[in-house]
Amino acid sequence: MAQIVKRAYKYRFYPTPEQAGELARTFGCVRLVYNKALEERTRAYRLEGRRVSYVESSARLTEWKRSGDYDFLSEVSSVPLQQALRHLQAAFANFFARRAKYPVFKSRKRSRASAEYTRSAFRWREGRL
């Protein structure tokens, strides 16, 4: 029987001030998308008694990007924003399976600033990432 080997790599980098600003913007947008999607799901369940799927949340993200209030969401990579919705979906799946408590809102102070990029979010061209 063949074994599948999964690998993870950790890298430490020291961003330039411009890169640090881009990362801070990305972290803020990820937190905003997670919190807005959590608010929408909570509201839909409390008022209408229905569950909101990942597909509906993703469609709402597209609407938020096109609206005038949240057009800054288009300035950052869409990959971490989609990953935030996937993390929220997993949090609800764990909640409904009774493996975790109800998801909580992310805070600027209490929560860890993070953004997850998938392999498709990167390109290697001419020796540069």
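Arg98 lies in the segment after helix H3. The model is predicted. Arg98 has a phi near 65°, a positive value in a residue other than glycine. This briefing starts there, then covers the helices, the salt bridges, a pocket and some contacts.

**Backbone at the helix ends**

- Most residues other than glycine have a negative phi.
- Arg98 has a positive phi, near 65°.
- Arg98 is exposed, because its relative accessible area of 79% is over the 50% cut-off.
- Gly49 also takes a positive phi, of about 70°. Gly49 sits just after H1.

**Helix H1**

- H1 has 32 residues. From its first C-alpha to its last, H1 reaches 46 Å. That is close to the 46 Å expected at 1.5 Å a residue.
- Arg25 is placed in H1.
- Arg25 counts as partly exposed, because its relative accessibility of 41% falls between 20% and 50%.
- Outside a window of four places in sequence, Arg25 touches Glu75 and Val76.
- Arg25 and Phe72 are 47 residues apart along the chain, with their C-alpha atoms separated by 9.2 Å.

**Helix H2 and Lys65**

- Lys65 is found in helix H2, which covers residues 54-66.
- Leaving out residues up to four places away in sequence, Lys65 touches Tyr70, Asp71, Leu73, Ser74, Ser78 and Leu81.
- Phe96 is 31 residues from Lys65 along the chain. The C-alpha atoms of Lys65 and Phe96 are separated by 29 Å.

**Helix H3**

- H3 has 19 residues, which should span 27 Å at 1.5 Å a residue. The end C-alpha atoms of H3 are 27 Å apart, so the model agrees with the expected span.
- Which residues of H3 are buried? They are Val79, Pro80, Leu81, Gln82, Gln83, Ala84, Leu85, Leu88 and Phe92.
- What covers the buried residues of H3? The cover includes H1 and H2.
- Gln83 lies in H3, which runs over residues 78-96.
- Gln83 is buried because its relative accessible area, 9%, is under 20%.
- Beyond four places in sequence, Gln83 touches Glu116 and Thr118.

**Salt bridges**

- How many salt bridges are there? The count comes to seven.
- Glu40 pairs with Arg43 in a salt bridge, with the closest N and O atoms 3.2 Å apart. Both residues lie in H1. They are three residues apart, about one turn of the helix.
- Arg43 also meets Glu48 in a salt bridge, at 3.7 Å from N to O.
- Glu48 in turn forms a salt bridge with Arg50, at 2.6 Å from N to O.
- The 4 Å limit explains why each of these pairs counts: the Glu40 and Arg43 atoms at 3.2 Å are within it, the Glu48 and Arg43 atoms at 3.7 Å are within it, and the Glu48 and Arg50 atoms at 2.6 Å are within it.
- Glu40, Arg43, Glu48, Arg50, Glu56, Arg60 and Glu63 are linked in a network of salt bridges.
- Are Arg43, Glu48 and Arg50 buried, partly exposed or exposed? Arg43 is partly exposed, with a relative accessible area of 34%. Glu48 is partly exposed at 47% relative accessibility. Arg50 is partly exposed at 33%.

**The second largest pocket**

- Rolling a probe the size of a water molecule over the atoms shows where empty space is left.
- The second largest pocket holds about 360 Å³ of space.
- Helices H1 (17-48) and H3 are the elements that give two or more residues to the lining of this pocket.
- Which element gives the most to the lining of the second largest pocket? H3 does, with five residues.
- The lining has 21 residues. Val30, Tyr34, Lys106, Arg112 and Ser114 lie nearest the centre of the pocket.
- By class, the lining of the second largest pocket divides into ten nonpolar, five polar and six charged residues.

How values were computed:
Residues numbered from 1 in each chain as written. Predicted model: local features only at pLDDT ≥ 70, side-chain atom pairs only at ≥ 80, totals over all residues. Heavy atoms only, no water. Helix = DSSP H or I, 4+ residues; strand = E, 2+ residues; numbered from the N terminus. Buried < 20%, exposed > 50% of the residue type's maximum accessible area, 1.4 Å probe, protein only. Contact = heavy atoms within 4.5 Å. 1 Å grid on protein atoms, 1.4 Å probe; cavity = no way out; pocket = protein on both sides within 12 Å on 5 of 7 lines; lining within 4 Å. Points joined across faces, edges and corners; volume = space filled by probe spheres on them. Nonpolar A, V, L, I, M, F, W, Y, C, P; charged D, E, K, R; others polar. Salt bridge = Lys/Arg side-chain N within 4 Å of Asp/Glu carboxyl O. Expected span 1.5 Å × (residues − 1).
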